[in-house]
Amino acid sequence: MQVCIDCGKVIEEGDIYPSRLEAQTYLHKACDKKRSTNWQRKTGWGKKNYVRNSKKLTENSRRYQQRLKIEAVRQLSNGTMACANPYNQHKEPYTDMRALTIDHINNDGAAFRKRLFGSNQRGASTYICRWLKKNGYPKDQFQVLCWNCQWIKRIESLKGDGKFN
Ligand SMILES: [Zn+2]
Ligand SMILES: [Zn+2]
């Protein structure tokens, strides 16, 4: 006969989880549940909290990525926060952050990603921004381009291949 260590009452046969019996932590099933509920409340664990925390985490990392990108754009644009405008597409400086990208000046983006990650991994802009930060934002290799200018550059660089002309 065992007595519950939480409520002090006798534990009837079967009213204890086998693992507790083995560990000689004598608890009613009900008292056991109460313990884990209290623990969940105290530690902020549990599904609801998990979802809330992971949302917060995603939010934080998104903000961190955004900050990294803003810093890269600031550095590479000499503080203008604008597209480098190599084809005179913009009369006014183009500064919409949503459409600004970090461009590899010598079109070696794929090779660069391969060097950095061992594969030509797309969607690696956060890593590139981090790499830029670590390496002092080399302006001879990178510039800020908007998608519009990025696209024109792509077409221009394909000239001669007969693909886009
Ligand atoms: Zn109990
Ligand atoms: Zn542009």
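Colour the protein chain by secondary structure to begin: in this predicted model, 6 helices and 4 strands make up the chain. Following the ribbon from the N terminus, you should meet these elements in the order β-β-α-α-α-β-α-α-β-α. If you then colour the 165 residues by burial, those that count as buried come to 11% of the chain. For a view of the contacts, consider the pairs at least 6 apart in sequence, of which 54% join residues at least 24 apart.

Next, select residues 29-43, which form helix α2. How far apart are its end C-alpha atoms? The distance between them is 21 Å, and this agrees with the 21 Å that 15 residues should span at 1.5 Å a residue. With the helix still selected, look at its surroundings: the number of buried residues among its 15 is 0, so α2 lies largely in the open.

Move on to the loop between α3, residues 47-76, and β3, residues 100-104, where M81 is found. Check the backbone torsions here, since most residues other than glycine have a negative phi. M81 is not a glycine, and yet its phi is positive, at about 60°. As for its environment, M81 counts as partly exposed because it has 17 C-beta neighbours inside 10 Å, whereas a buried residue would need 20 or more.

Stay in the loop between α3 and β3 and select N88. Here too phi is positive in a residue other than glycine, with a value near 50°. Is N88 buried or exposed? It has 7 other C-beta atoms within 10 Å and is therefore exposed, the cut-off for that class being 12 or fewer.

Now turn to the interior, bearing in mind that in soluble globular proteins nonpolar side chains tend to be buried together. The largest nonpolar core has 14 residues, and C83, V144 and L145 are the ones that touch the most other members. Two or more residues of this core are given by each of α3, α5 (residues 125-134) and β4 (residues 142-146). Which element supplies the largest share? That element is β4, from which 4 residues come.

Finally, centre the view on L145 and show what surrounds it, leaving aside neighbours within four places in sequence. The residues in contact with L145 are then C83, A84, T101, D103, Q150 and K153. Of these, C83 has already appeared beside L145 and V144 among the core residues that touch the most other members, which makes the pair a convenient place to end the tour.

Terms used: Residues are numbered from 1 along each chain as its sequence is written. Chains are lettered from A and ligands numbered from 1 in the order in which they are written. This is a predicted model: local features need pLDDT of at least 70, side-chain atom pairs count only at pLDDT 80 or more; totals for chains, interfaces and linings use all residues. Two residues are in contact if their C-beta atoms, placed from the backbone, lie within 7 Å. The expected span of a helix is 1.5 Å times one less than its number of residues. A nonpolar core is a set of buried Ala, Val, Leu, Ile, Met, Phe, Trp, Tyr and Cys residues joined through C-beta atoms within 7 Å.
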